[in-house]
Amino acid sequence: MLWPFNHFRRPPVPARSTIETIYGMIVTQAREPLFYRDLGVPDTVNGRFDLLLMHLWLVLRRLKSAEGGVALSQALFDHFCIDMDDNLREMGIGDLTVPKRMQAFGEAFYGRTAAYDLALTDSEEALAQSFCKNIHNGQNIDQARELAAYAGEAMAVLDHTDLAALTEGAWRFPAPQAAGTAA
């Protein structure tokens with residue numbers, strides 16, 4: 001028998017293993033030592049968080065334009081939120097404080113992604129300025145330019161990745177280049 005409300009069901013959720021694969025790729029790339037050693041990203045909790053957000057933004061930006069990418073984007077964002085919640089609790093943050101911190105994470109995510117999206121409509125220099133402000137704490141514009149060049153490479157890789165590979169997590173971020181070296 002057909003249930004009369006089947007057409008109101010949510011779209012199918014991407015496989016958990018796919019979400020974990022893609023999120024794992026984002027986290028692994030954000031932990032790449034070269035970002036901290038050579039590209040001036042502060043090796044702090046905030047610096048690591050900002051780099052994680054940048055990589056998440058790169059992937060979500062590409063998924064936005066992919067057919068069926070909305071469900072995967074949402075599932076990936078939800079996984080990010082769960083990971084942040086788990087990390088806070090692991091660090092010993094109390095149950096009453098976690099929601100406030102999660103709200104701050106959400107505000108940081110939406111603020112930075114809006115700034116990065118706006119910068120993309122302008123130029124690579126605008127993106128570098130945005131990275132300088134948000135990731136480099138307003139310092140090291142040259143290293144922020146290197147980070148913007150890396151983000152451009154990552155966007156190109158993601159933009160040229162076919163839909164099947166993209167949604168299965170069968171792609172790789174480009175290797176970051178040491179500051180001052182040619183790609």
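When I say contact, I mean heavy atoms within 4.5 Å of each other. One more thing before I start: this is a predicted model.

I'll begin with Asn134, which sits in helix α6. Is Asn134 buried or exposed? Its relative accessibility is 14%, and the cut-off for buried is under 20%, so Asn134 counts as buried. Setting aside neighbours within four places in sequence, what does Asn134 touch? The contacts are Asp50, Arg112, Ala115 and Tyr116.

Staying in that region, take Leu127. Again without the neighbours within four places in sequence, Leu127 is in contact with Trp57, Tyr116, Ala119, Leu120, Ala148, Ala151 and Met155. Tyr116 is therefore a name you have now heard twice, as a contact of Asn134 and as a contact of Leu127.

Leu127 also belongs to the largest nonpolar core, which has 56 residues. Leu127 is among the members that touch the most others, along with Met54, Val59, Leu76, Phe80, Phe131 and Leu147. Which elements give two or more residues to this core? They are α1 (16-30), α2 (33-37), α3 (45-64), α4 (69-90), α5 (98-120), α6 (124-134) and α7 (141-159). The most comes from α3, with eleven residues. As background, nonpolar side chains in soluble globular proteins tend to be buried together.

Since α3 gives the most to the core, let us look at two of its packing partners. With α7, the angle is about 30° and the axes are 9 Å apart. Under 35 degrees counts as roughly parallel, so that is what α3 and α7 are. Their crossing is right-handed. On the α3 side the contact includes Met54, Trp57 and Val59, and on the α7 side it includes Leu147, Ala151 and Met155.

The second partner is α1. The axes of α1 and α3 come within 9 Å and cross at roughly 135°, which makes the pair oblique. This crossing, too, is right-handed. From α1, the residues are Ile22, Tyr23, Ile26, Val27, Gln29 and Ala30, and they meet Leu51, Leu52, His55, Leu56 and Val59 in α3.

Last, the cysteines. A disulfide is a covalent bond between the sulfur atoms of two cysteines. How many disulfides does a search of the whole structure find? Zero. As for individual cysteines, Cys132 is buried, at 6% relative accessible area, while Cys81 counts as partly exposed because its relative accessibility is 21%.

Terms used
Residues numbered from 1 in each chain as written. Predicted model: local features only at pLDDT ≥ 70, side-chain atom pairs only at ≥ 80, totals over all residues. Heavy atoms only, no water. Core = buried A, V, L, I, M, F, W, Y, C linked by side-chain atoms within 4.5 Å. Buried < 20%, exposed > 50% of the residue type's maximum accessible area, 1.4 Å probe, protein only. Helix = DSSP H or I, 4+ residues; strand = E, 2+ residues; numbered from the N terminus. Disulfide = S-S within 2.5 Å. Axes fitted to C-alpha atoms, helices over the stretch in contact; angles between N-to-C directions. Parallel < 35°, antiparallel > 145°, perpendicular 65-115°, else oblique. Left-handed = near helix turned anticlockwise from the far one by under 90°.
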